[in-house]
Amino acid sequence: MSSPETPSSDRLAPGAGDGRTGPVPGPAEPAETPEEVSRTGTLRMLVSNKVTAAGLVILVLVVLLAVLGRWIAPYGANDIDVVNALQPPSGAHLFGTDELGRDVFSRVVLSARISLTVGLVAVGIALVVGVALGLVAGFFGGWPDTVIMRSADVLFAFPILLLAMAIVAVLGPGLTTAMIAIGVVYTPIFARITRASTLAVREELYVKASQAVGASDGLILRRHVLPNIMGPITVQTSLSLAFAILSEAALSFLGLGVQPPEPSWGRMLYDAQAFIYDAWWMSVFPGLAIFLTVLAFNLVGDGMRDVLDPRQRTADEIRRSA
Amino acid sequence: MRTTEPRRPTAPASSDGDVLLDVRDLAVRIGPAEIVNGVSFSVPRGGTLGIVGESGSGKSMTVLAATGLIDSPPARVSGQSLLDGQDIVTMDPRQLRGVHGRRVGFIFQDPSTSLNPVLTVEQQLTEAPRFHLGLTRRDARRRALELLEAVGIPDPPSRLSSYPHQLSGGMKQRVMIAVALACDPELLVADEPTTALDVTTQAQILERVKELQESRGMSVIWISHDLGVVSGIADRVAVLYGGQIVESAPLEELFTDPRHPYTRGLMAARPQTAHGKGELAVIPGSPPDPKHLPQGCLFWDRCPVRGDPRCETERPPETPVGPEHVVRTFNGGDADGTDRRGGTR
């Protein structure tokens with residue numbers, strides 16, 4: 001609004017505006033068929049990338065393991081069989097046995113549920129709290145913004161694992177505290193991403209337009225801001241799930257997370273330490289499980305980043321139809 | 001605050017049933033910048049006011065402040081803006097929400113960014129009727145179909161499920177008009193709604209708004225930098241410069257008898273399509289910096305006829321030069337300017 005320009009030096013001469021009567025379909029409005037853009041469209045584009053598809057396949061397998069683990073695992077997680085302790089992989093024990101003769105394959109399978117649960121709940125906490133705080137900070141600004149974001153900065157200043165350990169130290173070790181600790185640690189990340197995206201969307205004309213039809217702040221946040229920032233948040237959720245699972249493994253490895261006899265990948269690695277030269281299978285298979293799960297979440301997160309940006313998506317559609 | 005200046009003969013607006021919006025001495029400051037400086041105008045029920053000015057003249061800010069859509073803070077608004085006697089400037093956010101969309105509808109300049117890219121046309125079109133009028137999803141949908149029909153969109157049922165990026169610019173602006181009209185507002189504010197569109201589409205939109213206005217008895221404020229567009233729709237035109245109305249008159253009168261040197265400059269700067277020869281006239285210089293407004297007339301440094309000694313030291317008051325014609329200059333009340341624009345009148 002600042003560039004000096006000569007007014008009314010372009011376009012119509014007076015009267016030209018009322019020269020025609022009635023709507024004449026102009027050449028500016030080609031009759032395009034409304035293309036169906038739906039949730040399945042997102043999935044299709046996600047799968048069309050081979051790397052992302054591989055990530056999705058692994059994810060589906062892990063989820064299946066988590067849900068159906070009880071029926072897949074040939075042994076119980078704590079079926080002790082000391083006679084067959086530290087057996088290498090064989091037909092009876094696919095991944096071998098540990099120092100108490102427990103079946104490593106069964107324990108890896110049964111741990112999937114716990115690892116995923118910890119990841120989902122922890123990230124769920126971080127997501128809900130972080131997004132809510134980020135929305136308030138970004139949309140309303142002022143002192144709420146200052147208070148929220150400076151608090152986030154304080155949390156950010158600590159190394160993630162150190163902070164999680166401090167929280168566990170205060171609340172006492174265990175599955176629940178591990179979830180809370182990981183959730184708290186990842187909250188500032190979501191708050192920061194949400195705030196940044198909200199700041200951008202808040203200035204969009206359609207937010208102003210929504211105020212102009214009398215929408216309340218709550219409605220604007222819910223209907224206009226939140227859907228437009230879901231892209232980055234979804235991507236961050238996927239990536240955070242990977243790190244949350246890793247954090248859980250780390251906490252459990254340090255003896256601060258899942259407590260025995262509950263199985264967990266991190267805990268299994270902890271138990272395998274002493275036998276790393278004698279029974280490689282005890283550490284390799286749980287390690288592989290962590291590696292593959294984290295990799296899958298990362299691959300899917302990257303894939304989503306490409307697909308979920310609405311502008312990127314429009315460009316893709318145009319490229320495809322051309 | 002400046003002292004009250006002589007106003008047009010509108011008397012107390014609350015008793016005047018014909019005036020829908022009565023804006024009195026409206027001023028907007030943002031930090032040190034004086035964006036709007038004592039603007040007064042009124043919009044009659046069913047009438048159309050055109051507001052013309054170049055970029056940065058305060059057109060949008062004036063109307064946003066008058067309708068309570070300006071963000072304050074940072075903006076500080078003073079003066080009054082009476083919608084049926086109720087002052088919008090002093091309303092709290094809850095009262096404003098009852099006005100926006102319900103009694104006053106808005107169309108913005110750029111249709112491509114004023115629609116939410118992730119919502120369908122139906123979702124955006126049914127939003128306001130559902131919370132303002134309490135319509136059910138089904139009723140709101142029926143209303144949306146009628147509205148799309150009314151603004152001239154072919155095949156409304158399939159358009160309802162379209163996303164904004166699947167529509168052309170003209171279509172989007174029609175959807176925006178439908179959104180603005182969704183709750184049958186008494187006043188439609190159009191902030192340069194055709195600037196981003198090509199000339200053909202522009203003419204269609206203009207025509208459509210005129211039809212809708214007549215069928216609904218709505219008042220319209222149409223903002224534009226383009227005198228041609230305004231001449232196609234307004235009954236009355238206010239010319240804004242430096243956040244002041246420098247001239248205000250009925251459409252015909254403004255075109256046949258412009259009194260302010262700035263208005264005359266605008267008229268001369270129009271491209272003449274009928275006999276398109278010669279160079280395009282321009283007004284040399286640029287609008288005043290709202291952070292450092294001159295003490296005297298805001299147009300002084302660009303004015304071709306500054307003769308009066310008061311020009312440099314005093315702001316000219318609004319002077320009536322006809323029954324409904326006011327002008328803010330020391331040099332326009334007489335006939336000396338007529339030969340300035342070719343002498344034909």
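Which residue with a positive phi follows helix 3 of chain B? Keep that question open while you set up the viewer.

**Ground rules**

This is a predicted model, where local features need pLDDT of at least 70, side-chain atom pairs count only at pLDDT 80 or more, and totals for chains, interfaces and linings use all residues. Residues are numbered from 1 along each chain as its sequence is written, while chains are lettered from A and ligands numbered from 1 in the order in which they are written.

**Stop 1: helix 3 of chain B**

Select residues 121-132 of chain B, which form helix 3. Helices here are DSSP runs of H or I with at least four residues, strands are runs of E with at least two, and both are numbered from the N terminus. Now go just past the helix: B:Gly134 follows, with a positive phi near 65 degrees.

Of the 12 residues in helix 3 of chain B, 9 are buried. Buried means that 20 or more other C-beta atoms lie within 10 Å of the residue's own; exposed means 12 or fewer, partly exposed is in between, and C-beta atoms are placed from the backbone. Colour the buried set, which includes B:Val121, B:Leu125, B:Pro129 and B:His132. B:Glu122 and B:Glu127 are also among the buried residues.

Show what covers them. The cover includes helix 8 (217-253) of chain A. From chain B it includes helix 4 (137-150), helix 5 (156-160) and helix 6 (169-181).

**Stop 2: chain A**

Switch to chain A. It has 11 helices and 0 strands. Of its 322 residues, 41% count as buried. Contacts (C-beta atoms, placed from the backbone, within 7 Å) come next. Among chain A contacts with a separation of 6 or more, 69% join residues 24 or more positions apart.

Select helix 8 and helix 10 (residues 280-308) of chain A. Their axes come within 8 Å and cross at roughly 170 degrees. Axes are lines fitted to C-alpha atoms, for helices over the stretch in contact, and angles run from 0 to 180 degrees between N-to-C directions. Helix 8 and helix 10 of chain A are therefore roughly antiparallel. The classes are: under 35 degrees roughly parallel, over 145 roughly antiparallel, 65 to 115 roughly perpendicular, and the rest oblique.

Residues of helix 8 in this contact include A:Gly231, A:Val235, A:Leu239, A:Ala242 and A:Leu246. On helix 10, look for A:Ile290, A:Val294, A:Phe297 and A:Met304, among others. The contact residues divide into 13 nonpolar, 6 polar and 1 charged. Ala, Val, Leu, Ile, Met, Phe, Trp, Tyr, Cys and Pro count as nonpolar, Asp, Glu, Lys and Arg as charged, and the others, Gly among them, as polar.

Next, select residues 142-157 (helix 4) and residues 175-202 (helix 6) of chain A. These two pack at about 135 degrees, with axes 9 Å apart. Helix 4 and helix 6 of chain A are therefore oblique to each other. The contact joins A:Ile148, A:Met149, A:Ala152, A:Leu155 and A:Phe156 of helix 4 to A:Pro188, A:Ala191, A:Arg192 and A:Arg195 of helix 6. By class, that gives 7 nonpolar, no polar and 2 charged residues.

**Stop 3: strand 9 of chain B**

Return to chain B and select residues 236-241. All 6 of the 6 residues in strand 9 are buried, so the strand is largely enclosed by the rest of the structure. B:Arg236, B:Ala238 and B:Leu240 point one way, and B:Val237, B:Val239 and B:Tyr241 the other.

Add strand 3 (residues 48-52) of chain B: 4 bridges join it to strand 9, and the two run parallel. Strands pair if DSSP finds at least two bridges between them. B:Val52 has B:Val239 as its bridge partner.

Add strand 10 (residues 244-250) of chain B, which pairs with strand 9 in the antiparallel sense over 6 bridges. B:Tyr241 stands opposite B:Gln244. The hairpin has 2 residues between the strands, and B:Gly242 takes a positive phi near 60 degrees there.

**Stop 4: an open sheet in chain B**

Four strands form an open antiparallel sheet in the order 2-1-4-5. Strand 2 (33-44) and strand 5 (86-87) stand at the edges, each with a single partner strand, so one side of each is left without a neighbour in the sheet. Strand 4 (residues 75-83) joins strand 5 through 2 bridges. B:Leu82 stands opposite B:Asp87. Helix 1 (residues 59-66) lies across strand 1 (19-30), strand 2 and strand 4, at about 115 degrees to strand 1.

**Last stop: B:Pro320**

Find B:Pro320 in strand 11 (residues 319-322) of chain B. B:Pro320 is partly exposed, with 14 other C-beta atoms within 10 Å. B:Ser248 is 72 residues away in sequence and 9.5 Å away in space, C-alpha to C-alpha.

Conventions
Two residues are in contact if their C-beta atoms, placed from the backbone, lie within 7 Å.
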